Amino acid sequence: MPHMTVNGEAVEAAAEPRLLLSDFLRHTLGLTGTHVGCEHGVCGACTVLIDGRPARSCLALAVQCEGAEVVTVEGLEEGPLHAAFRRHFALQCGFCTAGILMSLTAFLRERPRPTEQEVREVLSGHLCRCTGYTPIVAAALDAADA
Ligand code: FES
Ligand code: FES
């Protein structure tokens with residue numbers, strides 16, 4: 001029965017010891033904004049913030065997050081990053097988008113004035129099959145400017 005904070009709210013819910021955090025968020029809590037692609041830590045779609053750091057929720061067990069602060073895409077405030085994604089059409093199917101928003105949110109907090117190369121390095125942990133990445137890079141740099 002892990003206790004954690006999810007998007008600012010205290011959560012206590014039953015979880016089998018082998019339940020993945022991604023499944024806990026999606027199926028137990030109904031937070032389906034976190035997407036699951038590969039379930040192997042490769043695609044980045046399931047990225048959430050655990051204690052402020054981006055983490056693959058398909059590689060964490062729910063019980064490992066005892067006492068942690070978890071933030072999913074539903075918990076992100078609308079801000080310059082969302083606006084820049086819209087402005088640059090930085091999503092198509094949107095499957096990768098939640099994970100990318102989580103990683104970029106954490107990254108831009110630490111590096112508010114990143115180079116394009118640094119943005120591309122962050123995105124190297126995320127697979128997007130639609131956009132070719134160019135508009136995502138542009139959106140991240142635009143959000144940083146804002
Ligand atoms: S679903 Fe977790 S990294 Fe792909
Ligand atoms: S927008 Fe479709 S996978 Fe990225």
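At what angle do helix H2 (residues 80-87) and helix H5 (residues 134-145) pack, and how far apart are their axes? View 1 shows the answer, and the other views follow from there.

**View 1. Helix H2 packs against helix H5.**
The two helices meet at an angle of about 140°, and their axes are 8 Å apart. On the H2 side the contact (C-beta atoms, placed from the backbone, within 7 Å) is made by Pro80, Leu81, Ala84, Phe85 and Arg87, and on the H5 side by Ala139, Asp142 and Ala143. Axes are lines fitted to C-alpha atoms, for helices over the stretch in contact, and angles run from 0 to 180 degrees between N-to-C directions. Please keep in mind that this is a predicted model, in which local features need pLDDT of at least 70 and side-chain atom pairs count only at pLDDT 80 or more, while totals for chains, interfaces and linings use all residues. Residues are numbered from 1 along each chain as its sequence is written, and chains are lettered from A and ligands numbered from 1 in the order in which they are written.

**View 2. Helix H4 also crosses helix H5.**
Stay with H5 and look for H4, which spans residues 116-123. The axes of H4 and H5 come within 10 Å and cross at roughly 120°. From H4, the residues to find are Glu116, Val119, Arg120 and Leu123. They meet Ile136, Val137, Ala140 and Leu141 of H5. Helices (H or I, at least four residues) and strands (E, at least two) are DSSP runs, numbered from the N terminus.

**View 3. Five strands make one open sheet.**
Reading across the sheet, the 5 strands come in the order S2-S1-S5-S3-S4, with mixed pairing. S2 and S4 are the edge strands, each pairing on one side only. From one strand to the next, the twist averages 40°. Two strands pair if DSSP finds at least two bridges between them. Helix H3 (97-110) lies across S3 and S4, and its direction is at about 35° to S3.

**View 4. Strands S1 and S2 form a hairpin.**
S1 covers residues 3-6 and runs antiparallel to S2, joined by 4 bridges. Residues 9-12 make up S2. To get your bearings, find Met4 opposite Val11 and Val6 opposite Glu9. There are 2 residues between the strands, and Asn7 takes a positive phi near 50° in this hairpin. Which residues of S1 lie on its covered face, and which on its uncovered one? Met4 and Val6 are on the covered face, whereas His3 and Thr5 are on the uncovered one.

**View 5. Strand S5 links to S1 and to S3.**
S5 is made of residues 69-71. With S1 it pairs in the parallel sense over 2 bridges. With S3 it runs antiparallel, again through 2 bridges. Val70 is a handy residue to centre on: it is the bridge partner of Val6 in S1, and Val70 also stands opposite Ile50.

**View 6. Strands S3 and S4 form a second hairpin in this set of views.**
S3 (residues 47-50) and S4 (residues 53-56) pair in the antiparallel sense over 4 bridges. Along the pair, Val48 stands opposite Ala55. This hairpin has 2 residues between its strands, and Asp51 takes a positive phi near 50°.

**View 7. Glu39 and Phe89 are loop residues with positive phi.**
Most residues other than glycine have a negative phi. Glu39, which is not a glycine, has a positive phi of about 60°. Look for Glu39 in the loop between H1 and S3. For Phe89, phi is near 50°, and the residue is in the loop between H2 and H3. Are these two residues buried or exposed? Glu39 is partly exposed because 15 other C-beta atoms lie within 10 Å, and Phe89 is exposed, with 12. The cut-offs are 20 or more other C-beta atoms within 10 Å for buried, 12 or fewer for exposed, and partly exposed in between, with C-beta atoms placed from the backbone.

**View 8. Glu16 belongs to the loop between S2 and H1.**
Helix H1 spans 21-28, and Glu16 is found in the loop between S2 and this helix. Glu16 counts as exposed because it has 11 C-beta neighbours inside 10 Å. How far is Glu16 from Cys93 in sequence and in space? They are 77 residues apart in sequence and 32 Å apart in space, C-alpha to C-alpha.

Conventions. Contact = placed C-beta atoms within 7 Å.
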